[in-house]
Amino acid sequence: MSGRVPVTVRTARWCAAHPGRAVVGWLLFLALCIGAGAAAGTNKGTFEDFWIGEAGRAEQMAAESGLTPPPVEQVLVESARSGARPEAAAEEIGRRMKALAPVVAHVAAPVRSADGSALRIAVTLRGDRETAKKDVDALLAETAAVRAGHPELRIEQTGSASISVAVNDKQGQDLQRTELISLPVTFLILFAVFGAVLAAGIPVLLALSAFAGSVGLYGLASWVFPDAGGAALSAIFMLGMAVGVDYSLFYLKRVREERARSGGVLDHAAAVELAAATSGRAVVDSGLAVCLALAGLYLVGDVIFSSIATGAILVTLVAVAGSLTVLPALLAKLGPRMDGRRLRRRAARQPRGARQEGRLWAALLRPVMRRPLVALLAGLLATAALAAPALGMKLGTEGKETFPDSIPAVAAYDRLVTHFPSAGPAHLVVVRGADPAAALRKLAAATRGDALFAQDATPVPRTARDGRTALLALPVPYAQNSPEGTRSLEKLRGELLPAAVAGAGLETAVSGEIAGGVDYAAHQEKRLPWVIVFVALAGFAVMYAAFRSPVLALLGTALNLAAVTVSWGVLTLVFQGTWAEGLLGFESLGFVGSRTPLMVFAILVGLSTDYQIFVVSRIGEAVRRGVPTRRAVVDGIAGSASVVTSAAVIMVSVFASFLFIDRIEMKQLAVGLTVAVLFDAIVLRAVILPSAMALLGERCWWPRRPTTTGRTGDAVEAPTGGRHPVRA
């Protein structure tokens, strides 16, 4: 029967028999990943990778004709007290910036605000947005020097480059703080679960090793799926800690359970093989579910989602590999030292086969199983109530106004647009054909006196060298995600621009911050149904492959969608209102980030399927022992309660730690995932799943009830030193 031994068992058996080789092999694998990633470097996404919709087409037209607006930094000089004169400081700024040539391509003359209280100096940099991010530090240093020499003035610098650099630096610092919070909290939770320092430390170390290895692999993968400005790093850490710790936790708890069931007679190597046949295979199934769900993000056709999916899939695969190889080696090698003295003394006093876990959950499940229809209806009602706000969800994109004011460049931007409305968001209108500048001058004239467009400066078209393409920037005196900004775009695209080019046979397109955000959200809404269908079918396929039951697969898919809709509903309730601002430390923008629902959906379906596989696997084990389905549901859920609850607590602690990142999209992701995991662990697992399975009864396993033979019950030869055959 050795030919039927599952690969997870064969792998664990070899690693347990050769722990030194397994550990060295794992370290070499990590070194290879990190070294290869460092040697290859990270391929950053280009400007073209972010082109989407009409806004992307406008950007392409501008780039082809050499009209792409150059990066510009603005220096704002304000009088901090009465009598202070900003002219001298403005002149000094101009001199210093001109001395930075060729980094600085042009310095405009100072422009005074309408109320006369401020001056702004526009500094044009060389190159594109990426080179500007590298060059902007030199400009910031000069601005700081002038500021130090003029304490009577408020002198600040802002612009896309300075804001981008500052936001990325702030997020990096916040991510480090998140790591400092989540790592000790995770360790303390694991210590409470295992009662031993060594057993608590190994899952954390394996999760960190998965993070390190996947970051190296991500560098290689970025040459296929370009990196979107480091967006994947947070996802890699978040998911790496969650699944890395959880997979190790499932494995460790099963090893302890098998040894406790044998009264301590079973040695660690034998217990490792038993765990490999059950939890090991469940780790593979759940890892596959997570990866397939995340693969749905590729269907969005967006560089940001592709980079996040790539990093998250890689860290999941590395975490699975570590759980199946180096973890069994460490468990077999370290043996009783992972139990701790207190736990060994307690185990020695326990009678053989004693079961102390799950009694509370069995008591909680008793009323559910007694009246399953009532419990199911109550669970569905709670789900509907929490999911209902999602019907009113509004999507928006990050803009300069969405970043925290604690960043000086962001605060300076807010003051800049207050004094100079034309320095805010702008519609970039590109026209191609015969005499395009004439059409754009007509368009500019049509916006004069219109409150939807800034009136403090006169827009002037720029024409390409061939004379056939021209670009006009139409500033808007409103925030990027404001209703007024959206209305100005709709009026421009729907009325003003068609009227300006009527009958001229010109090709037109509109870009800019507002247009880019609107087109980006529309693109995601268009792709969302395809992602939902793919991810739902992937979850169904994994559940069917694990249990060979379309009924369970369909039930699992429904539970996944329930968790997602609840998460979306809570996101809408929290972030489109203002009641939670003080509690979570954010300022409501009246919308949910356009990327958040898709991210939450893909991650949650994977993690929810993950939990279901572990729980239903335990129920299936009881059924294969001949237990009736209704009783097996209680035994399976109660028997897995300790490990699944511990895993949920760890995931919640990891996700909740991202609330400390001062960026609203990260807070939304943290809230969405935290709420869904809690709902999954409490309502779905304790109410809806058991009540549904109780009502279905033996039909859960259609077309065939699990037996001790077949795929889900393959017998495995007993390991040397073991006392029991291994059953999957």
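## Close-up views of a predicted model

**Figure 1. D227 is a buried residue, with a relative accessibility of 3%.** Here, buried means under 20% relative accessible area, exposed means over 50%, and partly exposed is in between (1.4 Å probe, protein chains only). This is a predicted model, in which local features need pLDDT of at least 70 and side-chain atom pairs count only at pLDDT 80 or more, while totals for chains, interfaces and linings use all residues. Residues are numbered from 1 along each chain as its sequence is written, and side-chain values use heavy atoms, with hydrogens and water left out. The side chain of D227 meets that of K44 in a salt bridge, 3.1 Å from N to O; the term stands for a side-chain nitrogen of Lys or Arg within 4 Å of a carboxyl oxygen of Asp or Glu. The pair links distant parts of the chain, 183 residues apart: K44 sits in the loop between α2 and α3 (53–64), and D227 in the loop between α7 and α8. Helices (H or I, at least four residues) and strands (E, at least two) are DSSP runs, numbered from the N terminus. K44 itself is partly exposed, at 46% relative accessible area.

**Figure 2. E142 and R96 form a salt bridge.** Their closest N and O atoms are 2.7 Å apart. Look for E142 in helix α5 (residues 129–149) and for R96 in helix α4 (residues 87–98); the two are 46 residues apart, and the pair links distant parts of the chain. R96 is partly exposed, with 29% relative accessibility. If you would like to go on to other charged pairs, the count of salt bridges by this rule is 22. A network of them links R57, E64, R432 and E507.

**Figure 3. Helix α6 holds the salt bridge between R177 and D174.** The closest N and O atoms of this pair are 3.3 Å apart. Both residues lie in α6, 3 residues apart, or about one turn of the helix. An α-helix has 3.6 residues a turn, so residues three or four places apart point the same way. R177 is partly exposed at 39% relative accessibility, whereas D174 is buried at 4%. Q176 also lies in this helix, which spans residues 160–194, and counts as exposed at 52%. From Q176 to P408 the C-alpha distance is 20 Å, although 232 residues separate them in sequence.

**Figure 4. L294 has some of the most contacts inside the largest nonpolar core.** A nonpolar core is a set of buried Ala, Val, Leu, Ile, Met, Phe, Trp, Tyr and Cys residues joined through side-chain atoms within 4.5 Å. This one has 152 residues, and L239, Y251, F655 and M693 stand beside L294 among those with the most contacts inside it. Helix α23 gives the most to this core, with 18 residues. Leaving aside neighbours within four places in sequence, L294 is in contact (heavy atoms within 4.5 Å) with L239, A309, A312, I313, T316, A602 and I603. A second, separate core has 23 residues, including A444, A470, V476 and L492.

**Figure 5. Helix α11 (residues 326–334) has several buried residues.** They are V326, L327, P328, A329, L331 and L334. Their cover includes α1 (7–17), α2 (19–40), α7 (197–221), α8 (231–261), α9 (268–295) and α10 (303–324). After α11 comes G335, which has a positive phi near 55°.

**Figure 6. Some backbone details lie in loops.** A cis peptide bond joins A101 and P102, with omega about 10°; P102 is in the loop between α4 and β2 (104–107). Another cis bond joins W702 and P703, with omega about 15°. D435 is not a glycine, yet has a positive phi of about 50°, and lies in the loop between β7 (426–432) and α16 (436–447).

**Figure 7. Confidence varies along the chain.** pLDDT is the predictor's confidence in each residue, from 0 to 100. The protein averages 86, and 92% of the residues score at least 70. Over residues 347–356 the pLDDT is below 50, and this stretch has 11 contacts in the model beyond near neighbours in sequence. Residues 709–728 also stay under 50. Where pLDDT is low, the predicted coordinates should not be read in detail.
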